[in-house]
Amino acid sequence: QVPLVESGGGLVQAGGSLRLSCAASGRTFTTYVMAWFRQAPGKERDFVAAINWSGGVTNYAYSVKGRFTISRDNTKKTLYLQMNSLNPEDTALYYCAADRGMFTTPRYAYWGQGTQVTVSS
């Protein structure tokens, strides 16, 4: 088990920034690939970004590349998503996820409960 708890969501104006955090517990955090997904009402859960155990390999969805940055601090067992230049299309419930592999589909084994991001125009 890898309990995950997201935080940092909120309401922001278009063009603004937010930083999401995902706190993990357990001794094996450093062995997991971590990822962010998002889901808007009535839509599928979409891949946002992923990062390998060391932080040396990252992958981004095309829609967020250049605007979002995924990072992790293994000493704090925390995953981050820095989101800049936000637009209303980024409005969604954001989830962090963990697994042994890096995927762009929502097949990760462990999930948080989500944090809401709302971008106003």
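User: What does it mean for a residue to be partly exposed, and which category applies to Trp-111?

Analyst: A residue counts as buried under 20% relative accessible area and as exposed over 50%, with partly exposed in between. In this predicted model, Trp-111 has a relative accessibility of 25%, so Trp-111 is partly exposed.

User: Is Tyr-108 buried or exposed?

Analyst: The cut-off for buried is under 20%. Tyr-108 has a relative accessible area of 4% and is therefore buried.

User: How should the arrangement of the rings of Tyr-108 and Trp-111 be read?

Analyst: Planes over 60 degrees apart count as edge-to-face. The planes of Tyr-108 and Trp-111 stand at 80°, with the ring centres 6.3 Å apart, so this pair is edge-to-face. Both residues also belong to one aromatic cluster, together with Phe-37, Phe-47, Tyr-95 and Phe-103.

User: How many aromatic pairs does the structure hold?

Analyst: There are 7 aromatic pairs. One of them joins Tyr-32 and Tyr-110 edge-to-face, at 5.9 Å centre to centre and 80° between the planes. Tyr-32 lies in the loop between strand 3 and strand 4, whereas Tyr-110 lies in strand 10, so the pair ties together parts that are 78 residues apart in sequence. Tyr-32 is buried, at 7% relative accessibility. In addition, the charged end of Arg-100 sits over the ring of Tyr-32, 4.1 Å from its centre.

User: Which strands does strand 9 pair with?

Analyst: Pairing is read from the bridges between two strands. Strand 9 runs antiparallel to strand 4, with 7 bridges, to strand 11, with 3 bridges, and to strand 10, with 2 bridges. Ala-97 of strand 9 stands opposite Ala-35 and also opposite Trp-111 in strand 10. Of the 8 residues of strand 9 (residues 92-99), 7 are buried, so this strand is largely enclosed by the rest of the structure.

User: What is the strand order in the open sheet of 4 strands?

Analyst: The order is 1-3-8-7, with antiparallel pairing. Strand 1 (4-7) and strand 7 (68-73) stand at the edges with a single partner strand each, so one side of each has no neighbour in the sheet. On average, neighbouring strands of this sheet are turned by 15° against each other, direction ignored. Strand 1 is joined to strand 3 by 4 bridges, and Leu-4 stands opposite Ala-24 in strand 3.

User: What surrounds Ser-21?

Analyst: Ser-21 is located in strand 3 and is buried, with a relative accessible area of 16%. Leaving aside residues up to four places away in sequence, Ser-21 touches Val-5, Glu-6, Ser-7, Trp-36, Thr-78, Leu-79 and Tyr-80.

Definitions and conventions. Residues numbered from 1 in each chain as written. Predicted model: local features only at pLDDT ≥ 70, side-chain atom pairs only at ≥ 80, totals over all residues. Heavy atoms only, no water. Pairing = 2+ DSSP bridges. Axes fitted to C-alpha atoms, helices over the stretch in contact; angles between N-to-C directions. Buried < 20%, exposed > 50% of the residue type's maximum accessible area, 1.4 Å probe, protein only. Contact = heavy atoms within 4.5 Å. Phe/Tyr/Trp six-rings, centres within 6.5 Å; stacked < 30°, edge-to-face > 60°. Lys NZ or Arg CZ within 6 Å of the ring centre and 35° of its normal.
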